[in-house]
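Biologist: Before I rely on this model, could you take me through how its features are to be read, one at a time?

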Amino acid sequence: MQQKEGIPDLARTYLRHRYMILFYALLVTMVAAPIFSALNFKGILIESLLAACLLVAILPVGAVRNRPYLLMAIVVVWLARSVTAWLDHRALSEMVLGIWTLIGLLSALAALRFAIGATQVDAEHLYAALSAYLLAGIYVGLLYWVLEQIKPGTFSFTGEFSQASAIYFSFVTLATLGYGDIVPRADVARGIAVVEGVGGQLFLAVLVARLVSLYSTPGN
């Protein structure tokens, strides 16, 4: 009986802290990405970490229970990416990665919606906003990598344009640092870079300022 009562308690705890879990899981993934790249591991390991982040943290327990097909679709796409990469079906692999990238960006929008919907902000809403920022940077980076795979020469760079390099360029663009070591050459890539750069500045200037102004700790 106590075991059955413990499961809902665990689910409630998970729901209260899922964006905190997501935020730290994404930080671990960002640290692991360049390490995997330096060790010449395949990008599928990075994608597996990102998939685990989404499956464990971004999906509320109630949503998974009421809409199991959503969870099933994410698992199928994750497995399809691994299988197509292993079988060296390049076109299918890139198509599946594009779908997976779309799921990640939708997850960022879901976190952003949760953060914007706050009237009185607590730590979980701040974690949701930060997670949306990290998700956008990571998955737009994967989108850049897909574009380069579909049309080589989309970006001008020195060396190999790996997934870690694409994520690096995405965050450089999102933060408008502009190092210049990787440059988009195609109009599509340039357009996405413009949207990402402007979106990153609006995010920091508007959303974070609003959340911080609303932030209050319990008991104050």
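Biologist: Let us start with a single residue: in which helix is Ser170 found, and does Ser170 count as buried or exposed?

Modeller: In this predicted model, Ser170 is found in helix α7, which covers residues 163-174. Buried means under 20% relative accessible area, and Ser170 counts as buried because its relative accessibility is 0%. Leaving aside residues up to four places away in sequence, Ser170 touches Ala136, Gly137, Val140, Gly141, Tyr144 and Glu196.

Biologist: And which residues does Leu134 touch, leaving out those up to four places away in sequence?

Modeller: Leu134 lies in helix α6, and with the same exclusion in force its contacts are Phe23, Leu26, Leu27, Met30 and Phe171. One of these, Leu27, is 107 residues apart from Leu134 along the chain, while their C-alpha atoms are separated by 8.3 Å. Leu134 also counts as buried, because its relative accessibility is 9%.

Biologist: How should I read empty space, and what volume does the second largest pocket have?

Modeller: The general idea is that rolling a probe the size of a water molecule over the atoms shows where empty space is left. Here the second largest pocket has a volume of about 410 Å³. Its lining comprises 18 residues, of which Leu109, Leu112, Ala132, Ala136 and Phe203 are the closest to the centre. The elements that contribute two or more residues to this lining are α5 (90-116), α6 (123-150) and α8 (187-214), and the largest share, 8 residues, comes from α8. Divided by class, the lining of the second largest pocket has 14 nonpolar, 2 polar and 2 charged residues. Ala136, which belongs to this lining, is also among the residues that Ser170 touches.

Biologist: Turning to enclosed space, how many cavities of 30 Å³ or more are counted, and which residues line the largest cavity?

Modeller: The count comes to 1 cavity of 30 Å³ or more, and the volume of the largest cavity is about 40 Å³. Its lining is made up of Thr29, Met30, Ala33, Ile46, Leu50, Ile138 and Ile167. Two or more of the lining residues come from each of α1 (2-38) and α2 (44-58), with α1 giving the largest share, 3 residues. By class, the lining of the largest cavity divides into 6 nonpolar residues, 1 polar residue and no charged ones. Met30, which lines this cavity, is also one of the residues that Leu134 touches.

Biologist: What should I look for in charged side chains, and how many salt bridges does a search of the whole structure find?

Modeller: In general, side chains of opposite charge can pair when their charged atoms come close. A search of the whole structure finds 1 salt bridge, in which the side chains of Arg190 and Asp187 meet at 3.9 Å, N to O. Because these two residues are 3 residues apart in helix α8, Arg190 and Asp187 are separated by about one helical turn. Arg190 is partly exposed, with a relative accessible area of 41%, whereas Asp187 is exposed, at 65%.

Biologist: Finally, which elements have the lowest and the highest mean pLDDT?

Modeller: The mean pLDDT of the protein is 78, with 77% of its residues reaching 70 or more. Among the elements, helix α3 (residues 61-66) has the lowest mean pLDDT, 50, and strand β2 (residues 183-184) the highest, 94. Over residues 1-6 the pLDDT is below 50, and this stretch has 0 contacts in the model beyond near neighbours in sequence.

Conventions:
Residues numbered from 1 in each chain as written. Predicted model: local features only at pLDDT ≥ 70, side-chain atom pairs only at ≥ 80, totals over all residues. Heavy atoms only, no water. Helix = DSSP H or I, 4+ residues; strand = E, 2+ residues; numbered from the N terminus. Buried < 20%, exposed > 50% of the residue type's maximum accessible area, 1.4 Å probe, protein only. Contact = heavy atoms within 4.5 Å. 1 Å grid on protein atoms, 1.4 Å probe; cavity = no way out; pocket = protein on both sides within 12 Å on 5 of 7 lines; lining within 4 Å. Points joined across faces, edges and corners; volume = space filled by probe spheres on them. Nonpolar A, V, L, I, M, F, W, Y, C, P; charged D, E, K, R; others polar. pLDDT = per-residue confidence, 0-100. Salt bridge = Lys/Arg side-chain N within 4 Å of Asp/Glu carboxyl O.
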